[in-house]
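Welcome, and thanks for taking a look at this one with me. Below are some numbered notes to read alongside the structure.

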Amino acid sequence: MSIGRDLPRGLQLLWPALAGIIQAASMAMPGSGQAHGWLQILSMTLLASGLAKIARPGFRTRSAHRQAAWFGGVFAAAWLAGSFWWLYVSMHDVGGLPAPLAALAVMALASALALYYAAACAVWVNLAQGLVGSRPGTASALFAALWTLAELMRGRWLTGFPWAAGGYAHVDGILSVWATWVGVYGMGALAAWLAMRLALSGWRLRTLKPLIGLGVLSWGLQAWGPVFTTSAGESRVELLQANISQTAKFDGASGIRDALQWYDAQLRASQQPLVVAPETAIPLLPQHLPEAYWSGLQQHFARSDRAMALVGAPLGSLAEGYTNSVLALGSGDRASYRYDKSHLVPFGEFIPPSFGWFIRMMNIPLGDFKSGDWDQPSVVWQGQRLAPNVCYEDLFGEELARRFKDPATAPTALVNVSNIAWFGNTLAVDQHLNISRMRAMELGRPMLRATNTGATAIIDHAGKVTAQLPRFTRGSLVGSYEGRNGLTPFAVWASAWGLGPLWALCSAVVALALWRRQRP
């Protein structure tokens, strides 16, 4: 039986592609930047409905595998390309890569990552045949497990690129309450289970009872659930945003001089106890700065024990290697504090083996950094323990959770310094803001975001944006944040085992399905 006769060709092409585009839109809608969890559930339900049709009796196994892989692959490629299409801007508009090659690179990345989901769908159809009609709950759990394993593989293997994981669509929805318990991947698993359950329910009340139960439980946790953290006191902060385009940022005639002058003036003029400048706010290595520039800033903050600055800057040399770092300016021990970015961006911050030719085609300054240690301490300031992370690092909640192993030294606030100017005025800004919000919800900590072009914002421990600077403007955001003590359930298990519990649980579900399939 051919693929063309199994399902209409238009369904094979349009259904999964449309569903994938809907999933991409659910992460951050054009115009508002708001995430919509219901759209993500809708997109997954469309995919699940197609897979359920394939898994029902009457399809030859080999043909079903091909169709399921095609469905999952097309869905994921459309979703991923639609989510991070702005990589084209960084490669072509900023990096100078020819437009056809930049577009091809985006599609190649999306298609390669889509293979995880294609495999998950093919395996599900293989194992779910016979379960779809008789055991919809088991079939739904199996789909959620396989889909989550695909998400975990994408997020961890080959350095990991988990941007636009399904759970991010739920930062504002009813499933957001689960971030504290199971994190973004657990939320994605719940959404996948929900979608397949809807696809298999036939909208009969009896089969919808588990879905209603999940909704009631989620609502109950939102209204009356336990609070795991307590106040560590309120503090003031000033976040700087210079709004220097990426094409001008490393231009010595304009961008570098502009950055040095503006940040120097703003740092010295700040009246707040904490002032934060974004990633590579100082775009030169210290040894290349004008004479007395850095020492002058150090002396300014060393004279007072009432103010401290955190400033993004590159460090190092050709001999010892370069780091993408955050430096503290202050008195006492704070003057020697330094945080080096540990999770680097492939192609942007380090060159994967055999890809030097690709990097040489683009104009990327300081494109080969070395990683910092994974367990770097927080900087202690005015009763708060501030844990910096640099740009892309807040995409990895399980890595930030490593700093929460000891409740006595766990951060009371997270500080993200970023430069999203690489991607222009695109949805990357909104998507990254939602990623930071998810980290705040998972770990129960405020997130202070100082960015070059946006979104510079203060996010509270519940993931709510309490203050935000207009994007693509020059200025500073002054506001208050409340540090928090105590550990969320996610922080407890992720700090001890990383994502191991999710890997183990999902693998156990798949292993049980395999065992049951092999029983006579």
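1. Let us begin with a question: across which strands does helix α12 lie? Helix α12, residues 293–302, lies across β2, β3 and β4, and runs at about 30 degrees to β4. Please keep in mind while reading that this is a predicted model. Just ahead of this helix, the loop between β2 and α12 holds Ala-292. Ala-292 is a residue other than glycine with a positive phi, near 70 degrees.

2. Now for the sheet that α12 lies on. β2, β3 and β4 belong to an open sheet of six strands, ordered β5-β4-β3-β2-β1-β12, and its pairing is mixed. At the edges you will find β5 (338–340) and β12 (475–485), each of which pairs on one side only. On average, neighbouring strands here are turned by 30 degrees against each other, direction ignored.

3. Within that sheet, have a look at β3 (residues 308–317) and β4 (residues 321–329). These strands run antiparallel and are joined by nine bridges. One pair to find is Pro-314, which stands opposite Asn-324 in β4. Helix α11 (residues 255–269) packs on the sheet too, where it touches β1 (230–241), β2 (274–277), β3 and β12. The direction of α11 makes about 140 degrees with that of β1.

4. There is another sheet to visit. Six strands in the order β6-β7-β8-β9-β10-β11 make an open sheet with mixed pairing. Why is one side of β6 and of β11 left without a neighbour in the sheet? β6 (379–381) and β11 (465–468) stand at the edges and have a single partner strand each, so one side of each strand has no neighbour there. Neighbouring strands of this sheet are turned by 20 degrees against each other on average, direction ignored. Following β6 along the chain, Gln-382 lies in the loop between β6 and β7 (384–390). Although Gln-382 is not a glycine, its phi is positive, at about 50 degrees.

5. The pairings in this sheet show both senses. Strand β8 (residues 413–418) runs parallel to strand β9 (residues 447–451), and five bridges join them. Here Ser-418 stands opposite Thr-451 in β9. By contrast, β10 (residues 457–459) pairs with β11 in the antiparallel sense, over three bridges. Ala-457 has Gln-468 in β11 as its bridge partner.

6. Two backbone details around β10 deserve a pause. The peptide bond from Gly-454 to Ala-455 is cis, with omega near 0 degrees. Ala-455 lies in the loop between β9 and β10. Further on, the hairpin of β10 and β11 has five residues between the strands, and Gly-463 in this hairpin takes a positive phi near 85 degrees.

7. Next, the helix pairs. Two packed helices are described by the angle between their axes and the distance between the axes. The axes of α8 and α15 come within 8 Å and cross at roughly 140 degrees. The two helices are therefore oblique to each other. On the α8 side, Ala-179, Thr-180, Gly-183, Val-184 and Met-187 take part, meeting Met-438, Arg-439, Met-441 and Glu-442 in α15. This contact divides into five nonpolar, two polar and two charged residues.

8. α8 has a further partner in helix α16 (residues 489–497). Their axes are 7 Å apart, and the angle between them is about 55 degrees. α8 and α16 are therefore oblique to each other. Ala-179, Thr-180, Trp-181, Val-182 and Gly-183 in α8 meet Pro-489, Phe-490 and Trp-493 in α16. Six nonpolar residues, two polar and no charged ones make up this contact.

9. Finally, a pocket. The second largest pocket has a volume of about 550 Å³. Which residues lie nearest its centre? They are Val-177, Thr-180, Pro-226, His-461 and Ala-462, out of a lining of 23 residues. Thr-180 may look familiar, since it is also among the α8 residues that meet α15. α8 (179–201), α9 (205–224) and α15 (428–443) each supply at least two lining residues, and the largest share, four residues, comes from α9. By type, the lining divides into 11 nonpolar, nine polar and three charged residues.

How values were computed
Residues are numbered from 1 along each chain as its sequence is written. This is a predicted model: local features need pLDDT of at least 70, side-chain atom pairs count only at pLDDT 80 or more; totals for chains, interfaces and linings use all residues. Side-chain values use heavy atoms; hydrogens and water are left out. On a 1 Å grid over the protein atoms alone, a cavity is a set of points where a 1.4 Å probe fits but cannot get out, and a pocket is an open set with protein on both sides within 12 Å along at least five of seven lines; lining residues have an atom within 4 Å of a point. Grid points are joined across faces, edges and corners, and a volume is the space filled by probe spheres set on the points. Ala, Val, Leu, Ile, Met, Phe, Trp, Tyr, Cys and Pro count as nonpolar, Asp, Glu, Lys and Arg as charged, and the others, Gly among them, as polar. Two strands pair if DSSP finds at least two bridges between them. Axes are lines fitted to C-alpha atoms, for helices over the stretch in contact, and angles run from 0 to 180 degrees between N-to-C directions. Angles under 35 degrees count as roughly parallel, over 145 as roughly antiparallel, 65 to 115 as roughly perpendicular and the rest as oblique. Contact means heavy atoms within 4.5 Å.
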